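Visitor: Before we look at the model together, I would like each label justified by a value and a criterion. Could you take me through it in that way?

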Amino acid sequence: MSGPSFATSGAWREGNTLTFDGARLFSDGAPGRVSMDGAATGTVSLAQGDQVISRIDYTRCGLWEADSCRLTADLPADPATYTLSTTAGRQVPHSTLSTKVESTWTFRSASTAKREALPLTAIRYAPKGLDEYNRARPGSSTRLPIWIERNPGAPPAAVKSLHLQMSVEGSR
C-alpha cells in the first residue's frame, strides 16, 4: 500500500513562489516515513480555476533525482484558490500493489513574508495482520488504522468527513 505522506514538509509558499515536492507520493504505511519510486511516471499540476499555471512530468523521481519531481510556480501576490493535482503510476516487479496514486488538494494561498507550509494533508493507513504479500489469512480480521497527516507547519484545519472505498480479489 502506498500513498502521499507529509511526515516531512512537502509543500510551501515563499513570497510569490509555490513549491511542491512530489518525492512523497509512494510512501508506505509506516508513520514518519516518506518514500519515492524512480520507476513511477505521471504528472503534477497546479491550477487556478480552469487555468493550469504550472505542470511537470513526474519521471525519474528517485533518490538521486528528487528535483525532477518538484513543481515550482510563480504566483500573483493576491489571495486565490488553487488546485494541486498529482497522478503517478508504476508497473514494476517489486510492487504489484499501489500501482497508481492520484491526489488532489484545493487550498487558498497569498504572498508570504517568509516560507510558510501549504495547508495540505494526506490520509495514511497501515493494515495490521497481513503477510509479506499484503494478504490476510482466510477467515481472519484485519485492523486498518487510518490517520490524517498534515504538512508540518500548516495551519490546523477541521476534517469534516472521511470516506473509505476498497476492493478485494482484484476488484471482482
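**Strands, rings and a pocket**

Guide: In this predicted model, strands S6 and S7 run antiparallel and are joined by 10 bridges. One position of this pairing is Thr-86, which stands opposite Ser-103 in S7.

Visitor: What makes S3 and S6 a pair in the antiparallel sense?

Guide: Two strands pair if DSSP finds at least two bridges between them, and S3 (residues 41-48) and S6 have 7 bridges in the antiparallel sense, so the criterion is met. Within this pairing, the bridge partner of Val-44 is Thr-86 in S6.

Visitor: How do you know that the side chains along S6 alternate?

Guide: Ala-80, Tyr-82, Leu-84, Thr-86 and Ala-88 point to one face and are buried, whereas Thr-81, Thr-83, Ser-85, Thr-87 and Gly-89 point to the other and are not buried.

Visitor: Why is the aromatic pair of Phe-6 and Trp-105 called edge-to-face?

Guide: The search of the whole structure finds 3 aromatic pairs. For Phe-6 and Trp-105 the ring centres are 5.9 Å apart and the planes stand at 70°; since rings pair if their centres lie within 6.5 Å and planes over 60 degrees apart count as edge-to-face, the label follows from both values. The pair links distant parts of the chain, with Phe-6 in the segment before strand S1 (11-14) and Trp-105 in strand S7 (residues 100-109), 99 residues apart. Both Phe-6 and Trp-105 are buried, and together with Phe-20 they form one aromatic cluster.

Visitor: Why, then, is the pair of Tyr-82 and Phe-107 called tilted?

Guide: The centres of Tyr-82 and Phe-107 are 6.2 Å apart, and the angle between the planes is 35°; planes under 30 degrees apart would count as stacked and those over 60 as edge-to-face, so an angle in the remaining range is tilted. Because Tyr-82 lies in strand S6 (residues 80-89) and Phe-107 in strand S7, the pair ties together parts that are 25 residues apart in sequence. Tyr-82 and Phe-107 are both buried.

Visitor: What makes Arg-115 count as lying over the face of Trp-12?

Guide: Arg-115 is at 3.7 Å from the ring centre of Trp-12 and lies over its face, and the distance criterion asks for CZ of Arg within 6 Å of the ring centre. Trp-12 also has a bridge partner in S2, namely Thr-19.

Visitor: How do you know that S2 is largely enclosed by the rest of the structure?

Guide: Buried means under 20% relative accessible area, and 4 of the 5 residues of strand S2 (residues 17-21) are buried, so the strand is largely enclosed. S2 is joined to S1 by 4 bridges, running antiparallel, and pairs with strand S5 (residues 70-74) over 5 antiparallel bridges.

Visitor: Why are S5 and S8 said to stand at the edges?

Guide: The open sheet has 4 strands in the order S5-S2-S1-S8, with antiparallel pairing. S5 and S8 each have a single partner strand, so one side of each is left without a neighbour in the sheet.

Visitor: Which residues of the lining of the second largest pocket count as nonpolar, polar or charged, and how many are there of each?

Guide: The lining divides into 5 nonpolar, 4 polar and 3 charged residues; it includes Arg-13, Arg-108 and Glu-116, and Arg and Glu count as charged. The pocket has a volume of about 160 Å³, and S7 and strand S8 (116-117) each supply at least two residues of its lining.

Key:
Residues are numbered from 1 along each chain as its sequence is written. This is a predicted model: local features need pLDDT of at least 70, side-chain atom pairs count only at pLDDT 80 or more; totals for chains, interfaces and linings use all residues. Side-chain values use heavy atoms; hydrogens and water are left out. Rings of Phe, Tyr and Trp (its six-membered ring) pair if their centres lie within 6.5 Å; planes under 30 degrees apart count as stacked, over 60 as edge-to-face and the rest as tilted. Buried means under 20% relative accessible area, exposed over 50%, partly exposed in between (1.4 Å probe, protein chains only). A charge sits over a ring if NZ of Lys or CZ of Arg is within 6 Å of the ring centre and within 35 degrees of the ring normal. On a 1 Å grid over the protein atoms alone, a cavity is a set of points where a 1.4 Å probe fits but cannot get out, and a pocket is an open set with protein on both sides within 12 Å along at least five of seven lines; lining residues have an atom within 4 Å of a point. Grid points are joined across faces, edges and corners, and a volume is the space filled by probe spheres set on the points.
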